[in-house]
Structures are given as structure tokens and as C-alpha cells.
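Here's a quick briefing to read with the model open beside you. It goes through some strand pairings, one residue and its neighbours, and then the pockets.

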Amino acid sequence: MYRFFVAQNQVEDTVIHIQGSDVNHIKNVLRMKVGEEILISSGDKLEYTCCIESLDGEEVLAKILYAEEPGLELSSRVYLFQGLPKSDKMELIIQKAVELGAYEIIPVNTKRSVVKLDSKKEASKLKRWQAISESAAKQSKRMIVPQITPVKSFAEAVNYADQLDVRLIPYELARGMIETRQILEGIHPGQSIGIFIGPEGGFEEKEVALAREHGAQPITLGKRILRTETAGMTVLSILMYLLEQV
């Protein structure tokens, strides 16, 4: 069953108004008909099972059959602070991070980031990245579309993470796996979590020091060096496993 996302003000007592690009997708791409069932999320815990009531004009009207809380989201909000990688790696990172349950993805311009975006390029990239997030959210049956924030400097990123309960920074000089396991297993469901991932060249020592000053805990991901597009997915996978045990 296809899933669509709407704003909460588009949800009424018995019907939901679908607007924007999804209208063309439903009518002309999927070629759906009146009476077909769809799933709709509006950014809260409720999932609406609906049937298409009308396809007229510039909106699709969906009748609410029933609503339920399927518990598809992680019990914790996980924020991925991703150092800007080269080429199109960010697109893959966003897609997989959304599938694995990330709540928000924050692109970070670090000292060793090769990619430098001007305001025009950044606006174009953000639009593209947000579209990838929405597509991945639909495919993986997420209840929300994770937000991709504007690019932040590393200092801005660590300040932004001050609001979070737990901050993790995979680092090749971190202590052994026993300590990492203790840190990860000590995370409680409901706590907000930030993960800092460096670009291809990794973090500079000064950046790691700054993150630690802001409460980030260095962890190791094993004896092998992981690519930037692998490291974040590894931490997210571990957290998904730990947080979905309840």
C-alpha cells in the first residue's frame, strides 16, 4: 500500500486533503482510482488508512477508514551529523540513514571536507537531499520525513548538539570495543542521540577535542577503518538493534 505525507492542517475529522506534487503522482504516475486504499502520515504517531474519495481538481480527497499507532519509529530521536563527503555519497548516506531510523540529518562542513558549497549550490543540494529523504521515508514506511538541515560549520554543529542527551563521535584513536559497548548499551530508550561522522579524511584532532568539550564520547567501530558512508550506517544499525529491543 502506498504511503503519503501531509501537514497536520490537511487532516480533518473524516477526510485528508492531499496536495502538491503527490496529486500528480497519484493521478498520472500511479494512475490510482477512487476507492483504492492508501496510507497517510502527518508527522505524529498516527498512521491513517484511507480510501481515495475523489481525484478532482488540484487535490486528492482521502476518506479516513481508521487510524492507529503502529510504532514504526525508534524510541529515540537520532541526529546524524555528517561531514560533507565527495561526489554524490551524501545522497546514499541520506537514503540509508532514513531507512535506519535517523530523525534528522545535519550536513557538516569540517576542516577536511573537500566539498565546498556556495549558497546557490547549497540550496539546490538541500532540495535534492530533502526529496531523497522523502522518497526513502515512503519506501521504508516511516511515520515522518526526516529533515535535512542547512549545512553547518563544525562549531555550529557541536553547539546544535548541546540539546541532545547523548553525543557519539567514532574516532580511530578511541579506546577498545569493551568501552564502546558499555557506552552504547548505556543509552536508554527515549534519549536523544547525536552521531558525528567525519568526511573522507576524518576529523582533525582539534575538532575531536571541541566535540569532547561539548560532551561527545569517542567510540571505536572496530579494528578496520570504515569509509565515511559506512561509519554512520554502522552506528545507526547498532542503535536500531539496541533501541528496538523494547
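**Strand pairing, one residue and two pockets**

I16 sits opposite A62 in β5. That's one spot in an antiparallel pairing, where four bridges tie β2 to β5, the strand covering residues 60-68. Keep in mind that this is a predicted model.

**Strands**

- β5 also pairs with β4 (residues 47-54), again running antiparallel, and here seven bridges do the joining.
- For a place to look in that pairing, take Y48, whose bridge partner in β5 is A67.
- β4 and β5 make a hairpin, with five residues between the two strands.
- G57 is in the turn of that hairpin and has a positive phi of about 65 degrees.

**V6 and its surroundings**

- You'll find V6 in the loop that links β1 (3-5) and β2 (15-18).
- Is V6 buried or exposed? V6 counts as buried because its relative accessibility is 10%, and the cut-off for buried is under 20%.
- Leaving aside residues up to four places away in sequence, V6 touches V11, I16, H17, I18, I40, S41 and S42.
- So I16 turns up twice in this briefing: it is one of the residues V6 touches, and it stands opposite A62 in β5.
- V6 and G43 are 37 residues apart along the chain, and their C-alpha atoms are separated by 7.8 Å.

**The largest pocket**

- How much space lies in the largest pocket? It's about 420 Å³ for the second largest one, and about 520 Å³ for the largest.
- The largest pocket is lined by 24 residues, and the ones closest to its centre are D44, K45, E73, R77 and I144.
- Sorted by class, that lining has ten nonpolar, eight polar and six charged residues.

**The second largest pocket**

- This pocket has a space of about 420 Å³.
- Its lining takes in 22 residues, with P170, Y171, E172, I225 and L226 nearest the centre.
- Which elements give two or more residues to this lining? They are β11 (193-197) and α7 (228-243).
- By class, the lining of the second largest pocket splits into ten nonpolar, six polar and six charged residues.

Methods
Residues are numbered from 1 along each chain as its sequence is written. This is a predicted model: local features need pLDDT of at least 70, side-chain atom pairs count only at pLDDT 80 or more; totals for chains, interfaces and linings use all residues. Side-chain values use heavy atoms; hydrogens and water are left out. Buried means under 20% relative accessible area, exposed over 50%, partly exposed in between (1.4 Å probe, protein chains only). Contact means heavy atoms within 4.5 Å. Two strands pair if DSSP finds at least two bridges between them. On a 1 Å grid over the protein atoms alone, a cavity is a set of points where a 1.4 Å probe fits but cannot get out, and a pocket is an open set with protein on both sides within 12 Å along at least five of seven lines; lining residues have an atom within 4 Å of a point. Grid points are joined across faces, edges and corners, and a volume is the space filled by probe spheres set on the points. Ala, Val, Leu, Ile, Met, Phe, Trp, Tyr, Cys and Pro count as nonpolar, Asp, Glu, Lys and Arg as charged, and the others, Gly among them, as polar.
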